[in-house]
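Visitor: I have a structure to go through and would like to ask about it piece by piece. Where should we begin?

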Amino acid sequence: MRIDVVTIFPGYLAPLREALLGRAVGTGLLDIAVHDLRDWTHDVHQAVDDAPYGGGPGMVMRPHVWGEALDDVLAADPRPARLVVPTPAGRPFTQAAAHAYAAQERLVFACGRYEGIDQRVVDHYAASMPVDEISIGDYVLVGGEVAVLVVVEAVARLLPGVLGNPRSAAEDSFSDGLLEGPAYTRPEVWRGHAVPEVLRSGNHGAIARWRRDRALERTAERRPDLIAALPPDALDEADRAL
Ligand SMILES: Nc1cc(-c2ccc3ccn(Cc4ccc(CN5CCCC5)cc4)c3c2)n[nH]1
């Protein structure tokens with residue numbers, strides 16, 4: 001998979017070169033290119049923003065610099081690409097979206113700053129390619145870069161060979177629609193807190209049941225919306241008895 005990121009703060013994407021992702025890049029599983037939007041400005045001030053039409057606070061990113069940058073970035077590789085634009089007003093990014101993105105040959109991320117990017121940029125490219133405006137949560141960041149780090153990490157870990165343990169991605173939270181339950185490792189007792197007995201019983205049926213019960217309890221407590229969204233056949237007799 002090839003990932004391109006266009007931003008006025010390329011340094012913000014440095015973490016993509018670290019650890020798990022750094023290894024994926026090194027082994028060729030992932031090809032990441034970060035581009036400085038200001039490379040496509042022509043004025044001495046390298047202006048990328050201007051006052052919003054209709055008034056309002058802050059500044060908006062001008063369309064013409066984005067158009068020149070995205071035209072060049074898209075032309076640099078023949079593979080079909082999906083343009084992903086983080087914004088507080090975007091569709092929520094979910095694990096399902098991460099799986100969909102992991103199947104893409106190429107993702108191009110447009111990182112806005114200020115109050116966002118002139119809407120005509122999204123409208124222009126949406127006429128010729130898939131464009132997603134996505135939100136990573138109901139809070140307002142200062143720009144799109146952190147959202148790109150979140151999305152790239154969630155997607156990259158799903159690529160075969162990136163994670164040491166492929167079973168982990170398959171047993172993710174949300175993979176069965178529930179939050180995962182508590183996890184434990186040695187020592188058996190830590191500061192007077194013992195590991196739940198069943199986990200050391202070797203009874204794999206009882207362990208699976210216990211884990212499912214803890215996941216159901218936690219999900220009902222913290223994310224009742226996920227319980228409500230479960231398909232009708234998702235809960236069995238034992239689940240309902242909980
Ligand atoms: N999930 C998530 C994603 C982001 C995000 C993504 C890209 C950009 C580019 C610029 N900004 C800052 C920013 C500040 C103010 C407004 C104006 N809006 C008016 C009412 C609420 C805010 C918009 C945008 C981003 C923020 N934030 N949160």
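Visitor: How is the shell around the ligand divided by class into nonpolar, polar and charged residues?
Guide: This is a predicted model, and the answers below are computed from it. Seven residues of the shell are polar and two are charged. The nonpolar class has eight residues.

Visitor: Which strand gives the largest share of that shell?
Guide: The shell around the ligand has 17 residues. Three of them come from one strand, and this is the largest share. That strand, residues 82-92, is β5.

Visitor: Which residue has a polar backbone atom 2.9 Å from a nitrogen atom of the ligand?
Guide: Ser135, Ile136, Gly137, Tyr139 and Leu141 come nearest to the ligand. For Ser135, a side-chain N or O atom is 3.2 Å from a ligand nitrogen. For Ile136, a polar backbone atom is 3.0 Å from a ligand nitrogen. The backbone atom at 2.9 Å belongs to Leu141.

Visitor: How much of the ligand's accessible area does the protein cover, given those contacts of Leu141 and the rest of the protein?
Guide: A ligand nitrogen lies 2.9 Å from a polar backbone atom of Leu141. On its own, the ligand has 600 Å² of accessible area. The part of this area covered by the protein is 74%.

Visitor: Is Leu141 buried or partly exposed?
Guide: Leu141 sits in the loop between β7 (131-135) and α5 (145-156). Its relative accessibility is 36%, and buried would require under 20%. Leu141 therefore counts as partly exposed.

Visitor: What is the area of the nonpolar surface patch that includes Leu141?
Guide: Leu141 shares this patch with Phe9, Tyr12, Tyr139, Val146 and Val150. Tyr139 and Leu141 are also among the residues that come nearest to the ligand. The patch has an area of about 510 Å².

Visitor: Which side chain makes a polar contact with that of Arg113?
Guide: Arg113 lies in the loop between β6 (106-110) and α4 (119-126). With 11% relative accessibility, Arg113 counts as buried. The contact is 2.9 Å, and the partner side chain is that of Glu145.

Visitor: Which residue forms a salt bridge with Arg106?
Guide: The structure holds 16 salt bridges. In this one the closest N and O atoms are 2.8 Å apart. Arg106 lies in strand β6 and its partner in strand β1, so the pair ties together parts that are 102 residues apart in sequence. The partner is Asp4.

Visitor: Are Arg106 and Asp4 buried or exposed?
Guide: Arg106 has 0% relative accessibility. Asp4 also has 0%. Because buried means under 20%, each counts as buried.

Visitor: Which side chain is joined to that of Asp4 by a polar contact of 2.7 Å?
Guide: The residue is found in strand β1 (residues 2-7). It is buried, with a relative accessible area of 12%. The side chain in question is that of Arg2.

Visitor: Why are Arg209 and Asp213 separated by about one helical turn?
Guide: Their side chains meet in a salt bridge with an N to O distance of 2.9 Å. Arg209 is partly exposed at 26% relative accessibility, whereas Asp213 is buried at 13%. The separation is about one turn because the two are four residues apart in helix α7 (residues 204-222).

Visitor: Which residue forms a salt bridge with Asp239?
Guide: The closest N and O atoms of the pair are 2.8 Å apart. Asp239 is in helix α9 (residues 237-241) and the partner is in helix α7, 27 residues apart. Asp239 is buried at 5% relative accessible area, while the partner is partly exposed at 22%. Along with Asp176, Arg209, Asp213, Asp236 and Asp239, the salt-bridge network includes this partner, Arg212.

Visitor: What is omega for the cis peptide bond from Arg186 to Pro187?
Guide: Pro187 lies in the loop between α6 (166-170) and β8 (189-190). The bond leading to Pro187 from Arg186 is cis. Its omega is near 5 degrees.

Visitor: What is the phi of Tyr114?
Guide: Tyr114 is in the loop between β6 and α4, and is partly exposed at 34% relative accessible area. Its phi is positive although Tyr114 is not a glycine. The value is about 55 degrees.

Methods. Residues are numbered from 1 along each chain as its sequence is written. This is a predicted model: local features need pLDDT of at least 70, side-chain atom pairs count only at pLDDT 80 or more; totals for chains, interfaces and linings use all residues. Side-chain values use heavy atoms; hydrogens and water are left out. Patches are made of residues with over 30% relative accessible area and no salt bridge: like charges are joined within 9 Å, nonpolar side chains (Val, Leu, Ile, Met, Phe, Trp, Tyr) within 5 Å. Accessible areas come from the Shrake-Rupley method with a 1.4 Å probe; for residues, only the protein chains shown count as cover. A salt bridge is a side-chain nitrogen of Lys or Arg within 4 Å of a carboxyl oxygen of Asp or Glu. Buried means under 20% relative accessible area, exposed over 50%, partly exposed in between (1.4 Å probe, protein chains only). A residue is near a molecule or strand if one of its heavy atoms lies within 4 Å of it. A polar contact is a pair of N or O atoms within 3.5 Å; within protein, one must be able to donate a hydrogen and the other to accept it, and residues adjacent in sequence count only if both atoms are side-chain atoms. Ala, Val, Leu, Ile, Met, Phe, Trp, Tyr, Cys and Pro count as nonpolar, Asp, Glu, Lys and Arg as charged, and the others, Gly among them, as polar.
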